[in-house]
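Reader: Could you walk me through this one? I'd like to go element by element and ask things as they come up.

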Amino acid sequence: VGNAKGMSPEVIATARSKIGESIAGIVARSRQPLLIRDLDSFPDFRAKGIGQYKTKSVISVPVLVDGDVYGVLNVTDRLDGTSFEEHDLVTLNLLSAHLTLCVEVSILHDHILQAANVDSLTGASNQRFFHERLSEEIERAHRFGQSLSLLMIDVNGFKDYNDRYGHPAGDAVLQHVANTLRECVRQIDVVSRYGGDEFTIILPETDGT
């Protein structure tokens with residue numbers, strides 16, 4: 001596979017494939033590798049929307065993570081003009097497996113970061129993330145001369161309610177409050193559980209009115 005050049009940057013910039021269309025789309029739908037030694041023998045595989053680009057031989061391999069297609073690797077145009085063979089397909093499959101591992105690590109990393117920033121009970125941002133984001137928003141507001149508002153909210157009578165009905169009922173109240181707050185704000189606003197029955201909302205580009 002190293003003895004190949006592939007599509008030019010110009011072709012790549014304009015090429016688009018839908019699931020089930022073109023070679024990449026067919027491989028994405030089937031989730032199976034594909035080796036075509038002579039593309040002229042398969043006119044239905046000709047990719048659409050890539051101008052006058054032509055190639056003799058193609059190998060195409062899906063990148064799968066937990067059964068979902070995250071991409072397709074296409075390799076074309078051997079420099080010596082010959083067709084790709086089974087050993088080239090094996091090499092590309094190995095590369096696909098490595099990419100799959102990289103994607104899995106990236107997804108796991110994102111999940112870890114998200115978990116570190118989220119309050120496990122309410123799903124709102126936690127206090128650590130609140131302080132980090134507030135510092136960022138204060139700096140941004142100063143830099144661009146924008147307004148910034150901060151709401152501090154607590155649940156009146158929560159301790160009495162919690163003592164009377166128990167912690168599970170109190171947890172349900174906190175979850176309901178967090179969900180209600182998230183439904184009432186914009187996407188750019190940040191709802192956080194500050195601690196206990198206290199919540200905060202960071203409101204960028206918002207003044208006191």
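Reader: Let's start with α2: what covers its buried residues?

Author: Keeping in mind that this is a predicted model, the cover over the buried residues of α2 includes β1 (34-36), β2 (58-65) and β3 (68-76).

Reader: And how many of the residues of α2 are buried?

Author: In helix α2, which spans residues 22-30, 7 of the 9 residues are buried, so the helix is largely enclosed by the rest of the structure. The buried ones are S22, I23, A24, G25, I26, V27 and A28.

Reader: What follows α2?

Author: R31 comes after α2, and its phi is positive, near 60°.

Reader: OK, switching to the open sheet. What's the strand order, and is the pairing parallel or antiparallel?

Author: The sheet is open and has 3 strands in the order β4-β6-β5, with antiparallel pairing. Its edge strands are β4 (148-154) and β5 (190-195), each of which pairs on one side only. From one strand to the next, the twist averages 20°.

Reader: Which helices sit on it?

Author: Helix α4, residues 127-144, packs on the sheet and touches β4, β5 and β6, with its direction making about 130° with that of β5. Helix α6, residues 167-184, also lies across β4, β5 and β6, and it runs at about 10° to β6.

Reader: Is β6 mostly covered or mostly open, then?

Author: Strand β6 is mostly covered, since 6 of its 7 residues are buried, where buried means under 20% relative accessible area.

Reader: How many bridges does β6 make with each of its partners?

Author: With β4 there are 7 bridges, and the two strands run antiparallel; with β5, the pairing of β6 (residues 198-204) is also antiparallel and extends over 5 bridges. As for individual positions, S149 stands opposite L203 in β6, S192 stands opposite T200 in β6, and G195 stands opposite E198 in β6.

Reader: What about the hairpin of β5 and β6, which residue there has a positive phi?

Author: That is G196, whose phi is positive and near 60°, in a hairpin that has 2 residues between the strands.

Reader: Changing topic to ring geometry: how many aromatic pairs are there?

Author: The structure holds 2 aromatic pairs. One of them is formed by F130 and Y194, whose geometry is edge-to-face, with 5.6 Å centre to centre and 85° between the planes. F130 lies in helix α4 and Y194 in strand β5, so this pair ties together parts that are 64 residues apart in sequence.

Reader: Are those two rings' residues buried or exposed?

Author: F130 counts as buried, at 3% relative accessibility, whereas Y194 is partly exposed, with a relative accessible area of 25%.

Reader: And the pair of Y161 and Y165, why does it count as tilted?

Author: The planes of Y161 and Y165 stand at 45° and the ring centres are 4.7 Å apart. Planes under 30 degrees apart would be stacked and those over 60 edge-to-face, so an angle in between is called tilted.

Reader: Where do those two tyrosines, Y161 and Y165, lie?

Author: Both Y161 and Y165 lie in helix α5 (residues 158-165), where they are 4 residues apart, about one turn of the helix. Y161 is partly exposed, with a relative accessible area of 33%, and Y165 is partly exposed too, with a value of 49%.

Key: Residues numbered from 1 in each chain as written. Predicted model: local features only at pLDDT ≥ 70, side-chain atom pairs only at ≥ 80, totals over all residues. Heavy atoms only, no water. Buried < 20%, exposed > 50% of the residue type's maximum accessible area, 1.4 Å probe, protein only. Contact = heavy atoms within 4.5 Å. Pairing = 2+ DSSP bridges. Axes fitted to C-alpha atoms, helices over the stretch in contact; angles between N-to-C directions. Phe/Tyr/Trp six-rings, centres within 6.5 Å; stacked < 30°, edge-to-face > 60°.
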